[in-house]
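I opened the notebook to record what I looked up in this structure. The entries are in the order I made them.

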Amino acid sequence: MSDKKSRLPDAELEIMQVLWRCSSPVTGATVEAEMGKLRPLAKTTVLTLLTRLVSKGFVAVEKQGRLGLYTPLVTEADYQARQSKRFLDQLFGGSIPAFASALTASGISREDLEELKQLLEDGKL
């Protein structure tokens, strides 16, 4: 990825989510069909978004004749980790206690708090 901290616009992120769900490589037609289940996009729009993702280094394309086969170069977990860190740094100055306090003030459920506690105790956070 050209900019490791790059946040994808919503439409590009939706395309990436389709690519992450599908077995790679994926054709543009498959991406278009999968996007159609969420919200219909014109074929040209899907291809434009895929081209942008290729130019940003998030996706690789292999041409087979007129057919483009698309493969994500960034995993969903890596993207989520980078964006979570960016969010934490920007909004809370990197402070986990400030983030936890905001979660508590937001009305997070007792069950969610217990799940977070268990993740901490298990060393998964």
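The entries below cover the sheet, a cis peptide bond, the salt bridges and a charged patch.

**Entry 1: the model**

I noted before anything else that this is a predicted model.

**Entry 2: the sheet**

I looked up the strand order. The sheet is open, has three strands and runs S1-S3-S2 with antiparallel pairing. S1 and S2 stand at the edges with a single partner strand each, so one side of each has no neighbour in the sheet.

I then took the pairings one at a time. Strand S2 covers residues 59–64 and strand S3 residues 67–72; the two run antiparallel and are joined by six bridges. Strand S1, residues 26–27, pairs with S3 over two bridges, also in the antiparallel sense.

I checked how S2 turns into S3. The two strands form a hairpin with two residues between them. Gly65 is in that turn and has a positive phi of about 70 degrees.

**Entry 3: partners across the strands**

Which residue in S3 is the bridge partner of Val61? I found Tyr70. I looked up Val26 as well, and its bridge partner in S3 is Tyr70 too. I also noted that Glu62 stands opposite Leu69 in S3.

**Entry 4: Val61 and Pro25**

I went back to Val61, which is found in strand S2. Is Val61 buried or partly exposed? Its relative accessibility is 34%, so I entered Val61 as partly exposed; the buried class would need a value under 20%.

I looked up the distance from Val61 to Pro25. The two are 36 residues apart in sequence, and their C-alpha atoms are 8.6 Å apart in space. Pro25 lies in the loop between H1 and S1. The peptide bond that joins Ser24 and Pro25 is cis, with omega at about -5 degrees.

**Entry 5: salt bridges**

How many salt bridges does a search of the whole structure find? I recorded six. Side chains of opposite charge can pair when their charged atoms come close. I wrote up three of the pairs.

Arg7 forms a salt bridge with Asp10, with 3.5 Å between the closest N and O atoms. Arg7 is partly exposed at a relative accessible area of 46%, while Asp10 is exposed at 51%.

Lys56 forms a salt bridge with Glu12, and here the closest N and O atoms are 2.7 Å apart. This pair links distant parts of the chain, with the two positions 44 residues apart in numbering: Lys56 is in the loop between helix H3 (43–55) and S2, and Glu12 is in helix H1 (residues 10–21). I compared the surroundings of the two partners. Lys56 is partly exposed, with a relative accessible area of 25%, whereas Glu12 is buried, with 2%.

Lys37 forms a salt bridge with Glu34, the closest N and O atoms being 3.0 Å apart. Both residues lie in helix H2 (residues 28–38), three residues apart, or about one turn of the helix. Lys37 is exposed, with a relative accessible area of 63%.

I asked which residues are joined into one network by salt bridges that share partners. They are Glu12, Arg52 and Lys56.

**Entry 6: the negative patch**

I looked for charge gathered on the surface. Glu111, Asp112, Glu114, Glu115, Glu121 and Asp122 form a patch of negative charge there. Where is Glu111 found? I placed Glu111 in helix H6, which spans residues 110–121. Its relative accessible area is 57%, so I entered Glu111 as exposed. Residues in such a patch have over 30% relative accessible area and no salt bridge.

Conventions
Residues are numbered from 1 along each chain as its sequence is written. This is a predicted model: local features need pLDDT of at least 70, side-chain atom pairs count only at pLDDT 80 or more; totals for chains, interfaces and linings use all residues. Side-chain values use heavy atoms; hydrogens and water are left out. Patches are made of residues with over 30% relative accessible area and no salt bridge: like charges are joined within 9 Å, nonpolar side chains (Val, Leu, Ile, Met, Phe, Trp, Tyr) within 5 Å. Accessible areas come from the Shrake-Rupley method with a 1.4 Å probe; for residues, only the protein chains shown count as cover. A salt bridge is a side-chain nitrogen of Lys or Arg within 4 Å of a carboxyl oxygen of Asp or Glu. Lys and Arg count as positive and Asp and Glu as negative; His and the chain ends are not counted. The place of a charge is taken as NZ of Lys, CZ of Arg, CG of Asp or CD of Glu. Helices (H or I, at least four residues) and strands (E, at least two) are DSSP runs, numbered from the N terminus. Buried means under 20% relative accessible area, exposed over 50%, partly exposed in between (1.4 Å probe, protein chains only). Two strands pair if DSSP finds at least two bridges between them.
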